[in-house]
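User: Hello! I am new to this structure and would like to learn how to read it, feature by feature. Could you guide me?

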Amino acid sequence: MRTSIATVSLSGSLTEKLTAAARAGFDGVEIFENDLLTSPLTPEEIRARCADLGLGIELYQPMRDIEAVPAEVFARNLRRARHKFALMERLGADTVLVCSSVSPLATDDDGLAAGQLSELADLARDFGIRVAYEALAWGRHVSTWDHAWRIVEAAGHPALGTCLDSFHILSRSSGPKGLEGIEDIPGEKIFFLQLADAPLLGMDVLQWSRHHRCFPGQGGFDIAGLVKHVLRTGYDGPLSLEVFNDVFRQAEAGPTAVDARRSLLILQEEAGIRALPAPASPTGVAFAELVTHDAEPVAALLTGLGFVRTARHRGKPVELWEQGEARVLVNTGPAARRDGTTLTAIGLESPDPAAAARRAEALLAPVLPRRRAAEDAPLDAVAAPDGTELFLCATNRPGLPDWRADFVDVPHTPAAPAAPHAPVGVRIDHVALTQPWHQFDEAVLFHRGVLGLDAQESVDVADPYGLLRSRAVTNADGSVRFPLTVGAAPGDDTAQARHIALATADVVAAARRFTEAGGRLLPVPANYYDDLEARFEFAEGELETYRELGILYDRDAHGVFRHCYTHTVGRVFFELVQRDGGYRGYGAVNAPVRLAAQHTAR
Ligand code: MG
Ligand code: MG
């Protein structure tokens, strides 16, 4: 099916929007009237630009407050329409969107609405134009898809059809009929299908629509279910994204268009109309990679945590540190930034790295150049929206090349002794990936759609200097967990620091060992422990131990979570966590305490 995007969904000038849509692979666009009015290009030039870019102009929109009005008002509306139809002729657009009236002059008279829309369609037909009538969720008298369709059906005009818009339909529990009623509309009478998702918010529907629409798969609506109903009618027009969103209006058009097209590809797969390479969901975290220009503080921190430097890369300044199943790479190569240590890459254990890379590529994820020597083991890698490198790899699995083949063992020296107390079974519990402010929803959809992870509920976390949104993506058995967080002001290094959480069977012992090795745990205010004492009952001495070490505590319906944090190096810190009884979260309730303590420490 053809794919399209409304120019209002992207930022920039009309030219920038068209270029971004074409580069992302869309087949067409809806030209939003304001984008045309503010463009220095003539309609003929816009038409030529679209043709050069291989874009069809699928829709011109919107035409407002047309129908069910007194005769003299309607006469003026027809005059306005004649001007717009002449413009569309120059533009080469053959479908116009008419949305249901919000005018106080409109009357609640379906017969009048049908008659006037029919007259409008007569005029449109003279220009070779079709009229697609859409129910706005806040229309004065017509606010549901089935009401708009009844009027179109009553008019019975060949140049008049309906436009279905997923936001308007799903933002209200629809009309008297369920959505399966859509299947009763003849497909050739559905002139257009606009798609937008939205988070489920309890707010005024007009404001909700104007500010919070998002791309399919990024909100709470069942867009694929709606698309299936529409396709069963025989509809064969484009799938077109119409998203009004405060973030997209500011973010760069190019990446937004890619995010948009990826969402449509995933939607088409969910609706059963496009086959993509199947996901090969990761089965674990092979490693996390830190890039730094100063390895010494990182090495000290890792040593204190019980890691041992076991190997170095054959051809690059990269060292492998290991402890149990947890592996950290420390890269001091040219990518190191002067502004400190950052977490830049993650190795994902993949059951089929090549297949995972094929899916990522099909979903427009940049496949990274290998930057590798000829003798290195092949390693597939793709870039997440924020630029984090995701290596699709295998550790110790028969039949698959092992990424560690590129590393040579380093002998243990007195300076790097094997940690005698290293707890058994340490592994990476989660990697918290802070995201740029404008890429949160995209990041969630990327990890879900491209990697096959599940997205959990979004939670808000109060930082002393902002409100952060956090949403975890995980695999089925919890061996891959990435809390994605956004909301910090750009430049707020504390809220933007990423962390690696190490799972341990005994966080108290691990915390003691770390401090005895000279490590510094994040101090936690006494008030926090007074509050804990009020909320939970503890065994004799338990709370005092937590208070002494700075261990935070949480419980959910499944179990108990105890965790503490190291000091921050550059923009990275570590967390030690003990999950008992199947606790599912990440201690979000404690995150404000942690963030405040980190701001204080800084
Ligand atoms: Mg619409
Ligand atoms: Mg954490």
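User: Which spacing do the donors of the magnesium ion (ligand 2) follow along the chain?

Analyst: This is a predicted model, and in it those donors follow the pattern H-x68-H-x75-E. The residues behind the letters are His430 and His499, each giving NE2, and Glu575, giving OE; they lie 2.2 Å from the ion. Distant parts of the chain are linked here: His430 sits in strand S17 (residues 427-434) and His499 in strand S21 (residues 498-503), 69 residues apart.

User: Are His430 and His499 buried or exposed?

Analyst: Buried means under 20% relative accessible area. His430 has 1%, so it is buried. His499 has 6%, so it counts as buried too.

User: What coordinates the magnesium ion (ligand 1)?

Analyst: Read it the same way, starting with the donor atoms. They come from Glu134 (OE), Asp165 (OD), Gln194 (OE1) and Glu242 (OE), at 2.1 to 2.2 Å. Their spacing in sequence is E-x30-D-x28-Q-x47-E. Asp165 belongs to strand S6 (residues 160-165), while Glu242 is in the loop between strand S8 (239-241) and helix H10 (253-270), so this pair ties together parts 77 residues apart in sequence. Asp165 and Glu242 are both buried.

User: Let me step back to the whole protein. How many helices and strands does it have?

Analyst: There are 18 helices and 24 strands. The C-alpha atoms fill a box of roughly 90 × 60 × 40 Å along the principal axes. Of the 602 residues, 57% count as buried. Another useful figure concerns contacts with a separation of 6 or more: residues 24 or more positions apart account for 73% of them.

User: Which domains does the assignment give?

Analyst: The domain assignment gives domain 1 (3-270), domain 2 (284-409) and domain 3 (427-601). Domain 1 and domain 3 have C-alpha centres 43 Å apart, and twelve residues of domain 1 are in contact with nine residues of domain 3.

User: How should I read a helix, and where might I start?

Analyst: A general idea helps first. An α-helix has 3.6 residues a turn, so residues three or four places apart point the same way. Now look at helix H6 (residues 145-155): eight of its eleven residues are buried, so H6 is largely enclosed by the rest of the structure. Among the buried ones are Trp145, His147, Trp149 and Val152. The buried residues of H6 pack against helix H5 (110-126), strand S5 (130-134), S6 and helix H7 (166-170). S6 also holds Asp165, which we met at the magnesium ion. After H6 comes Gly156, with a positive phi near 60°.

User: What can I learn from the contacts of Val577?

Analyst: Begin with its place, then list its partners. Val577 lies in strand S24 (residues 572-580), and at 0% relative accessibility it counts as buried. Beyond its neighbours within four places in sequence, its contacts include Asp429, His430, Ala501, Phe561 and His563. His430 is also a donor of the magnesium ion (ligand 2).

User: Where is His558, and what does it touch?

Analyst: His558 is in the loop between strand S22 (552-555) and strand S23 (560-565). With 37% relative accessibility, His558 counts as partly exposed. Not counting residues up to four places away in sequence, it touches Asp580, Gly581, Gly582, Tyr583 and Arg584. His558 and Arg584 show how sequence and space can be read together: they are 26 residues apart in sequence and 7.2 Å apart in space, C-alpha to C-alpha.

User: How do I read the backbone angles?

Analyst: Most residues other than glycine have a negative phi, and most peptide bonds are trans. Look for the exceptions. The peptide bond from Gln61 to Pro62 is cis, with omega near -10°, and Pro62 is in strand S3 (residues 56-63). Leu364 is not a glycine, yet has a positive phi of about 65°; its place is the loop between helix H12 (353-362) and strand S14 (380-383). Asn396, also not a glycine, has a positive phi of about 60° and is found in the loop between strand S15 (389-393) and strand S16 (407-409).

User: How much of Leu364 and Asn396 is accessible?

Analyst: Leu364 is partly exposed at 26% relative accessibility, whereas Asn396 is exposed at 60%.

Key: Residues numbered from 1 in each chain as written. Chains lettered and ligands numbered in written order. Predicted model: local features only at pLDDT ≥ 70, side-chain atom pairs only at ≥ 80, totals over all residues. Heavy atoms only, no water. Helix = DSSP H or I, 4+ residues; strand = E, 2+ residues; numbered from the N terminus. Buried < 20%, exposed > 50% of the residue type's maximum accessible area, 1.4 Å probe, protein only. Contact = heavy atoms within 4.5 Å. Donors = N, O, S within 2.8 Å, 3.2 Å for Na, K, Ca; no water. Domains from an automatic or database assignment.
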